[in-house]
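Work through the exercises below with the sequence and the model open side by side. Try each task before you read its solution.

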Amino acid sequence: MKFLKTPPRFLFFTGKGGVGKTSIACAAAVQLAGDGKRVLLVSTDPASNVGQVFGLDIGNKVTEIRGVPRLAAFEIDPQQAAQAYRDRIVGPVRGVLPEDIVKGIEEQLSGACTTEIAAFDEFTALLTDDSLIAEFDHIIFDTAPTGHTIRLLQLPGAWSGFLENSKGDATCLGPLAGLEKHQAQYKVAVEALSDPLRTRLVLVARAQNAALREVARTHEELSEIGLKQQYLVVNGVLPASAADGDELASAIYRREQQVLANFPEVLHALPLDQLSLKPFNLVGLDTLGRLFADMNSDSGGITGGEPDLKFPELSILVDNIAADGHGLVMLMGKGGVGKTTMAAAVAVDLARRGLPVHLTTSDPAAHLAETLEGALDNLTVSRIDPQAETERYRQHVLKTKGAHLDPEGLALLEEDLRSPCTEEIAVFQAFSRVIREAGKKFVVMDTAPTGHTLLLLDATGAYHREIVRQMGDSKVSYVTPMMQLQDPKQTKVLLGTLAETTPVLEAANLQADLRRADIEPWAWIVNNSVAAARPVSAFLRKRAENERREIDAVAKEHATRYAVMPLLKDEPVGLNRLQALFRSA
């Protein structure tokens, strides 16, 4: 593996959900420990399954891994970190400031933005802990900080007076208030991240056009803020030997090889490793040791029983949605599970039934037009452009709030409006405009990956609470966007996942977050299922068997209703191929 040759002290693995970051990070940690290095494996993923991979309860403490000398692991709990962060900020003023002001501070600190910053607060403590660095030769991070988080930390530190004088607007500055005392620590952490002698970033993807486009975007975003020591790993590539005698497997093999021959030009300069798809689940030390095996070494001698698998089809869900005549349908989930494809498939099927549909996306990386490849009666398509909406919002704030500021205050306001959180507010306003249409037609929304969606919901909830406070006991009737999201007659939330351990765990965590906001997901969709495709290849039949446990977990533990979409021979691009997703096999 190129990414493991002469590795620096810090290795970071990043990529969409379900691409195999955790498995690769764990296997890398095991290999380095086997080479005689003392290794600490750290997960910053809220849906971490590092413990599950090793068969241990790890949690928020350094835990030695049984059976692997010199390897320890540590899981950052984002919710626990966020609570500690809130207590640190609110504790000193509780009982000192009036209760309504304290509640206002708590409100500012209640959202996903605080959770992201607090997790990074813990993460930077590890990067700058001299005793920890002295104890371990390598510290491996499963899930790197996002460009969004690092840009927040690069904002100026002069926010206290700015906030006290009410010159700021509704951004992440509330959550950022707790960072001021740790400015030096964050400066050292960001310097470590951008130092190629200390840090290597490993981008993980699958051999899929959408996944590689997303990795290209991540590569450019992180390069712009100084993280330039990057390697690329394409995981889960179907071995040539697995394609023999199976039409589905042969088509997938050809498709993946074509993708690999034409991946984005901005990635060409990166050192590249390919890892073959394995027929087994990567849980336990034995399987981790086989992850980096040769491309074709795992395809022989595989026996998989003839699958006898029947699952609910997507058409059953759309039948129930169509019966309402109109409403908001939101596709949510981690990046990489195929939300854009699911949203397009639902919208196309509704439109083909003669129902008016507006298909839109709040995902900056979405490619709806490319997915549809054509026009259809009753279907309109749009995209909430984050850049355009942010600029519109910035100009509005500068003309209103900035009109009466002195030059210093105006300069800080302009810097404030360059915060990534400004984009979340601007997108929320556009989102609110779109969902008003759902009273007359179907609006199908392809949302951004989970973290961005939670920030959007935070803004929606904060707006709702402010409206409720302003209305007080008045008899005026009103409906906020949050009230519409909470009403199952008006909004149906569909959670997308893959039939794999990590994406199912992440979707379950998202469901818990939604329920805390009194939004009950209406259904789950399991995408790209090998089992639903009823393969002939022994290799793919083995994969299908392994999917059963995850699909059973969705059906019995998580979802009140669900559907399974089959893995197709051809990528589901174009109106006809999207319709093929409604047939299992």
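**Exercise 1: A cavity and its lining**

The lining of the second largest cavity has 5 nonpolar, 4 polar and 3 charged residues. Here Ala, Val, Leu, Ile, Met, Phe, Trp, Tyr, Cys and Pro count as nonpolar, Asp, Glu, Lys and Arg as charged, and the others, Gly among them, as polar.

Before going on, note the ground rules. This is a predicted model, in which local features need pLDDT of at least 70, side-chain atom pairs count only at pLDDT 80 or more, and totals for chains, interfaces and linings use all residues. Residues are numbered from 1 along each chain as its sequence is written, and side-chain values use heavy atoms, with hydrogens and water left out.

Task: Find which residues line the second largest cavity, and which strands supply at least two of them.

Solution.
- Step 1. Fix the term. A cavity is a set of points, on a 1 Å grid over the protein atoms alone, where a 1.4 Å probe fits but cannot get out; lining residues have an atom within 4 Å of a point.
- Step 2. Count. The whole structure holds 2 cavities of 30 Å³ or more.
- Step 3. Take the volume. The second largest cavity has about 50 Å³ of space. Volume is the space filled by probe spheres set on the points, with grid points joined across faces, edges and corners.
- Step 4. List the lining. It consists of I321, D324, H326, G327, L328, V329, F442, P488, K489, Q490, T491 and K492.
- Step 5. Assign strands. Strand 9 (327-332) and strand 13 (491-498) each give at least two residues. Strand 9 has the largest share, 3 residues. Strands (E, at least two residues) and helices (H or I, at least four) are DSSP runs, numbered from the N terminus.

**Exercise 2: A lysine in the lining**

Task: Is K492 buried or exposed? Which side chain does the side chain of K492 meet in a polar contact?

Solution.
- Step 1. Place the residue. K492 sits in strand 13.
- Step 2. Check accessibility. K492 has a relative accessible area of 10%, so K492 is buried. Buried means under 20% relative accessible area, exposed over 50%, and partly exposed in between (1.4 Å probe, protein chains only).
- Step 3. Collect contacts (heavy atoms within 4.5 Å). Leaving out residues up to four places away in sequence, K492 touches I321, D324, L328, V329, M330 and W522.
- Step 4. Find the polar partner. The side chains of K492 and D324 make a polar contact at 2.4 Å. Such a contact is a pair of N or O atoms within 3.5 Å; within protein, one must be able to donate a hydrogen and the other to accept it, and residues adjacent in sequence count only if both atoms are side-chain atoms.
- Step 5. Look along the chain. K492 and L331 are 161 residues apart in sequence, yet their C-alpha atoms are 8.8 Å apart.

**Exercise 3: Two helices**

Task: What spans do helix 15 (residues 339-352) and helix 1 (residues 21-34) have, and how many residues of each are buried?

Solution.
- Step 1. Get the expected value. It is 1.5 Å times one less than the number of residues.
- Step 2. Test helix 15. Its 14 residues should span 20 Å, and its end C-alpha atoms are 20 Å apart, which agrees.
- Step 3. Test helix 1. It also has 14 residues. Its first and last C-alpha atoms are 20 Å apart, close to the 20 Å expected.
- Step 4. Count burial. In helix 15, 13 of the 14 residues are buried. In helix 1, 11 of 14 are, including K21, T22 and S23.
- Step 5. Read past the ends. G354, just after helix 15, has a positive phi of about 90°. G36 follows helix 1, with a positive phi near 95°.

**Exercise 4: Positive phi without glycine**

Task: Where do T6 and N528 lie, and what is the phi of each?

Solution.
- Step 1. Recall the background. Most residues other than glycine have a negative phi.
- Step 2. Take T6. Its phi is positive, about 40°, although T6 is not a glycine. T6 lies in the segment before strand 1 (10-14). T6 is exposed, at 71% relative accessible area.
- Step 3. Take N528. Its phi is positive, about 55°, and N528 is not a glycine either. N528 belongs to strand 14 (residues 523-529). At 29% relative accessible area, N528 is partly exposed.

Methods. On a 1 Å grid over the protein atoms alone, a cavity is a set of points where a 1.4 Å probe fits but cannot get out, and a pocket is an open set with protein on both sides within 12 Å along at least five of seven lines; lining residues have an atom within 4 Å of a point.
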